[in-house]
Each structure stands twice: as structure tokens, then as C-alpha cells.
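Trainee: Hi! Could you walk me through a structure today?
Mentor: Happy to, here it is.
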Amino acid sequence: MAELAPWIARLYVTKVSVPADYVLSCGLFNDWACLRVQLAGEWTAQTADGPRAHDRAALLFGPQSRIMPVTVKGSFISLGASYRPGALQAMNGIKVGDYLDRLENVCTITGEGDALLDSFDPQDSPENWLRILEGRLLRLIERRRCARPDPVSAHFENIILRDPAMTVSDAARECGVERRRLERLCHRDFGMAPKQVMRRARAIDMASLLRGVAEPEEGDQLALRYYDESHLSREFTEFFGMPPRQFMATPQPILTLALESRQAYRLEALRRLEPGASRPWQ
């Protein structure tokens with residue numbers, strides 16, 4: 001995975017067994033674009049283009065500016081990769097902003113969707129799925145001689161993981177660029193303005209705390225990113241469609257898995273958690 005680190009934030013596998021007629025309603029909220037290979041399950045996502053329904057498919061999900069409602073019927077298997085900021089452009093020439101709150105079949109974009117799907121046997125083990133996916137991504141990067149994403153975008157990614165309450169001007173100063181350059185890079189590599197990227201990161205960190213998949217000791221620090229409870233409630237509702245108390249009382253299994261994965265990556269990126277180590281909330 002270290003060889004993929006400049007382009008890929010994390011790899012994941014989710015496998016859930018439920019009755020064939022069971023319908024789970026939840027949501028996705030990712031601040032980075034994701035490749036999702038769906039090997040089982042009937043999925044419907046409410047995107048910026050309206051509802052999109054898929055069963056077995058290889059899909060590119062752009063980053064989300066707010067929670068994306070999803071439903072899935074029956075048992076499901078999903079595996080994939082989260083791209084770091086700027087990686088999609090470096091690897092495929094894709095402007096991530098074109099896919100904000102959207103998804104597209106990988107076959108439509110690259111013509112490789114069917115070949116990618118055929119690489120995975122639904123009866124295989126999650127470990128083999130991840131090995132196959134990692135190998136395909138590495139071969140793609142080597143074959144195309146992909147450049148690394150802009151180091152300024154990588155630095156700004158670290159800032160939003162470490163201190164998304166920082167002002168945009170201070171973030172630009174820390175990145176060693178003028179504010180206008182940071183804004184241009186953010187629109188290109190994050191799909192949004194830097195201020196919105198930071199607001200989203202604060203809300204995602206708070207949601208992780210409320211779902212019990214963040215460092216408990218961070219609670220006070222995360223709360224201090226907001227002026228008061230009213231500010232927290234207003235911002236949180238904008239991103240998650242409900243106030244914090246309702247969010248805590250509403251089961252969110254798929255979203256919680258995504259938040260946990262993102263928090264683990266955050267702590268690893270900040271060198272506060274060793275890869276593979278037990279997570280503070282476990």
C-alpha cells in the first residue's frame with residue numbers, strides 16, 4: 001500500500017449478509033472521490049443527477065458536498081479505493097469537480113469497467129480482492145507514468161485532517177502559496193472552494209464523534225471548532241440533513257463504516273495511529 005500512498009488514501013471491503021428482501025436506507029459522505037466495485041446488492045443513490053440504481057457495477061463516485069442518501073436491497077459486497085486530492089487528474093485526466101455529488105460507470109469513463117469487474121470473484125476472500133485491486137491500481141500508475149498530485153494539495157489535505165478550523169488565509173500561508181492559488185488548486189483537486197472543504201471536514205469529524213468512531217478525548221477540541229451549540233446545529237444540519245441529536249438517534253450503519261475508515265486514515269496520516277493498530281474507539 002505504501003507504493004500507492006501518493007495517489008490512494010485507503011482501500012476497503014464491506015461485506016454484509018442480510019435476507020434477500022431486506023432494504024437498508026442510509027447514506028454516504030466522502031470528502032474524496034472513490035472507486036466502488038459492487039459485487040452484490042441492489043444499490044440506489046440520490047445523486048445531483050437524480051436517483052441512480054445499480055447492481056453489479058464498477059463506479060466512480062465523486063466527492064460529496066453533503067450526505068448522499070442511499071438504499072441497498074439484500075446482501076451486499078462493496079470494495080474500492082479512495083483517491084487522494086489531485087490523484088484522479090494525475091491518473092486519468094479527470095476533473096473531480098465534474099463529479100461532485102455524482103457517480104459514473106467506470107466503463108463509460110475509461111472503457112475498463114467490465115474488465116475490472118471480471119477481475120473479482122464474489123466467492124473469493126476479501127484479502128484476495130484487496131490484493132487484486134492494489135495490483136491493478138499499481139499497474140495503471142506504472143503504465144501511465146502518473147505524476148504525483150500537487151504537493152500543495154497534499155499539504156492542504158493534511159491541514160483539513162489536522163485543523164479544519166484554520167482560516168483559508170492561514171492555510172494558504174502554511175502551504176506557501178497565495179490565497180488565490182490555493183483556491184484554484186482546491187477547485188481543481190477537491191472540487192470545492194477551500195472554505196467549503198474545511199467546513200465539510202469539521203462536520204465529518206463531528207459526525208464521527210457522534211457515531212462513536214473518533215478519539216473520545218477529542219470531543220472538547222472538536223466542539224471548540226464551532227462558536228456555540230446553535231452554530232454546530234446549523235452547520236451539521238446543512239451537511240447531514242438533520243441536527244446532531246437526531247443524527248445520534250438514527251441508525252446509520254453504512255455511513256458509520258465510512259466515517260470509521262476515514263477517521264482511521266486521518267489518525268494514520270497525522271501519525272497518531274500505526275497502520276493496522278487497534279483504533280482508540282474499539
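Mentor: We'll talk about aromatic rings, then one helix, then a buried charge.
Trainee: Anything to know before we start?
Mentor: This is a predicted model, where local features need pLDDT of at least 70, side-chain atom pairs count only at pLDDT 80 or more, and totals for chains, interfaces and linings use all residues. Residues are numbered from 1 along each chain as its sequence is written, and side-chain values use heavy atoms, with hydrogens and water left out.
Trainee: Cool. How many aromatic pairs does the structure hold?
Mentor: There are eight aromatic pairs. Rings of Phe, Tyr and Trp (its six-membered ring) pair if their centres lie within 6.5 Å; planes under 30 degrees apart are stacked, over 60 edge-to-face, and the rest tilted. Trp-32 and Tyr-265 make an edge-to-face pair, 5.7 Å centre to centre with 85 degrees between the planes.
Trainee: Why does that pair tie together parts so far apart in sequence?
Mentor: Trp-32 is in the loop between strands S2 (23–28) and S3 (34–47) while Tyr-265 is in helix H12 (residues 253–269), so the pair joins parts 233 residues apart in sequence. Helices (H or I, at least four residues) and strands (E, at least two) are DSSP runs, numbered from the N terminus.
Trainee: Are those two buried or exposed?
Mentor: Trp-32 and Tyr-265 are both buried, meaning under 20% relative accessible area; exposed is over 50% and partly exposed is in between (1.4 Å probe, protein chains only).
Trainee: New topic: which residues are buried in H7?
Mentor: Leu-182, Leu-185, Cys-186 and Asp-189 are. Looking down the axis of H7, the buried residues fall within an arc of 105 degrees, so they line one face of the helix. That arc is taken from the directions from the helix axis to the C-beta atoms.
Trainee: And what is on the other side of H7?
Mentor: Arg-180 and Arg-184, which are exposed there.
Trainee: Last one: where is Asp-101?
Mentor: Asp-101 is in the loop between helix H1 (87–92) and strand S7 (103–105).
Trainee: Which side chain of opposite charge is nearest to Asp-101?
Mentor: Arg-66, 4.5 Å away, and the buried Asp-101 has no salt bridge. A salt bridge needs a side-chain nitrogen of Lys or Arg within 4 Å of a carboxyl oxygen of Asp or Glu. For charges, Lys and Arg count as positive and Asp and Glu as negative; His and the chain ends are not counted.
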